[in-house]
Amino acid sequence: MGTVRTRGWLAGLIAAVMAVTACAPVPGPAPGPGRSPDPYGARSAPAPALPAPSAPHAATPDGAARSFVQVMRRMEPAVRQDCLNRRTRPISCDFVFVVDDRPGLEPNAFQTVDRNGRPVVGFTLSLIAQTQNPDEIAFVVGHESAHHILNHLDRKSGAATAAAVVLGSIASAYGGDTSAIERAQEIGASVGSRYYSKEWELEADYLGAIITLNAGFDPITGSGLFQRIPDPGNHILGTHPARAQRLAQVRRAVVDVQAGRVR
């Protein structure tokens, strides 16, 4: 089971709420005989129906924090189970969820791994406060967890390294000095890490929507958060795809689950 770690006043609030409630990608080819239809390798199970949208939580930091705790009690086991079912390599599925409530931080969520390979999914307090309902919180959790399950961190590192080597070699072949070669490698690493980022974001949107649905939340309502953040458009080296693409990807995932094409 994963854990939620926090800072400051939020830690006390979440601990109190938990004490009160403690008892409470693109589809692959058609499957062959005995093969799961899920492109992520999940075990066969009845396709879940789309749950009713969650009621909005109180539009206050306390309301969002309480909603976050309640959502995590359902999302943590769902994320872990989906990770165990879908992983294609021996990655850890023992997630740690952290909240950074330092003032002044922009709304943001991220995933990384600790020195032991344990996945860490983090959220700033300002992002949690920006959500309007439990479905939005659940979708963000599902999306960031999907990045780990889909091995995006290692793939990003590999793309950056490969591009750095290529541009560094080109600079060297054209007679660049040490400084020029190092600069070319830096540019290559930056470009390489961004090149596939939109594709990876859409993959995480798709799988994140499925995880959200499996936990009993509505990912379509959850993706409404995209409507209230700036649209990155479709810039060539942008790190995120356009809003319309992301909303369409979430709807596609829901349609695929309801049609029994994925679980």
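## The disulfide

Cysteine 83 and cysteine 93 pair up as a disulfide, with their sulfur atoms 2.0 Å apart. Keep in mind that what you're looking at is a predicted model. If the term is new to you, a disulfide is a covalent bond between the sulfur atoms of two cysteines. Searching the whole structure turns up one disulfide.

Where do the two cysteines sit? Cysteine 83 is in helix H2 and cysteine 93 is in the loop between H2 and E2, so the bond ties together parts that are 10 residues apart in sequence. Both cysteine 83 and cysteine 93 are buried. The torsion about their S-S bond comes out at about -75°, so this disulfide is left-handed.

## The nonpolar cores

Next, the greasy parts. In soluble globular proteins, nonpolar side chains tend to be buried together. Here the largest nonpolar core has 31 residues, and Met75, Phe97, Phe123 and Val141 are the ones that touch the most other members. At least two residues of this core come from each of helix H2 (61-86), strand E2 (96-100), strand E4 (119-124), helix H3 (125-130), H4 and helix H7 (197-214). H2 gives the most, with eight residues.

There's another core lying apart from that one, and it has 11 residues. Among them are Tyr206, Leu213, Phe226 and Ala253.

## Salt bridges across the chain

Side chains of opposite charge can pair when their charged atoms come close. How many salt bridges does the structure hold? There are seven, and three of them are worth a visit here.

Start with arginine 118 and aspartate 94, whose closest N and O atoms are 3.2 Å apart. This pair links distant parts of the chain: arginine 118 is in the loop between E3 and E4, aspartate 94 is in the loop between H2 and E2, and they are 24 residues apart. Arginine 118 is buried, because its relative accessible area is 18% and the cut-off for buried is under 20%. Aspartate 94, at 26% relative accessibility, counts as partly exposed.

Then there's glutamate 136 with arginine 228, where the closest N and O atoms are 2.7 Å apart. Again the pair links distant parts of the chain, with glutamate 136 in helix H4 and arginine 228 in the loop between H8 and H9, 92 residues apart. Glutamate 136 has 2% relative accessibility, so it counts as buried. Arginine 228 has 32%, so it counts as partly exposed.

## A network between H7 and H9

Arginine 246 and glutamate 201 also meet through their side chains in a salt bridge, at 3.5 Å from N to O. Arginine 246 belongs to helix H9 and glutamate 201 to helix H7, so to speak two distant parts of the chain, 45 residues apart. Are these two charged residues buried or exposed? Arginine 246 counts as buried at 7% relative accessibility, and glutamate 201 is buried too, with a relative accessible area of 10%. The pair is part of something wider: Glu201, Asp205 and Arg246 are linked in a network of salt bridges.

## Helix H9 up close

Helix H9 covers residues 243-258, which makes 16 residues. At 1.5 Å a residue it should span 22 Å, and its end C-alpha atoms are 23 Å apart, which agrees. Its buried residues are Arg246, Leu247, Gln249, Val250, Ala253, Val254, Asp256 and Val257. These buried residues pack against H4, H7 and helix H8 (219-222). Just after H9 comes glycine 260, which takes a positive phi of about 80°.

## Histidine 147 and glutamine 111

Now go to histidine 147, which you'll find in helix H4 (residues 134-149). Histidine 147 is buried, with a relative accessible area of 7%. Its side chain joins that of histidine 152 in a polar contact of 2.8 Å. If you leave aside neighbours within four places in sequence, histidine 147 is in contact with Gln111, His152, Leu153, Trp200, Glu201 and Ala204. You've already met Glu201 in the salt-bridge network.

Gln111, also on that contact list, lies in strand E3 (residues 109-113). Glutamine 111 counts as buried at 12% relative accessibility. Not counting residues up to four places away in sequence, glutamine 111 touches Val120, Val121, Glu144, His147, His148 and Leu153.

Methods
Residues numbered from 1 in each chain as written. Predicted model: local features only at pLDDT ≥ 70, side-chain atom pairs only at ≥ 80, totals over all residues. Heavy atoms only, no water. Helix = DSSP H or I, 4+ residues; strand = E, 2+ residues; numbered from the N terminus. Buried < 20%, exposed > 50% of the residue type's maximum accessible area, 1.4 Å probe, protein only. Polar contact = N/O pair within 3.5 Å; in protein donor to acceptor, adjacent residues only side chain to side chain. Contact = heavy atoms within 4.5 Å. Core = buried A, V, L, I, M, F, W, Y, C linked by side-chain atoms within 4.5 Å. Expected span 1.5 Å × (residues − 1). Salt bridge = Lys/Arg side-chain N within 4 Å of Asp/Glu carboxyl O. Disulfide = S-S within 2.5 Å.
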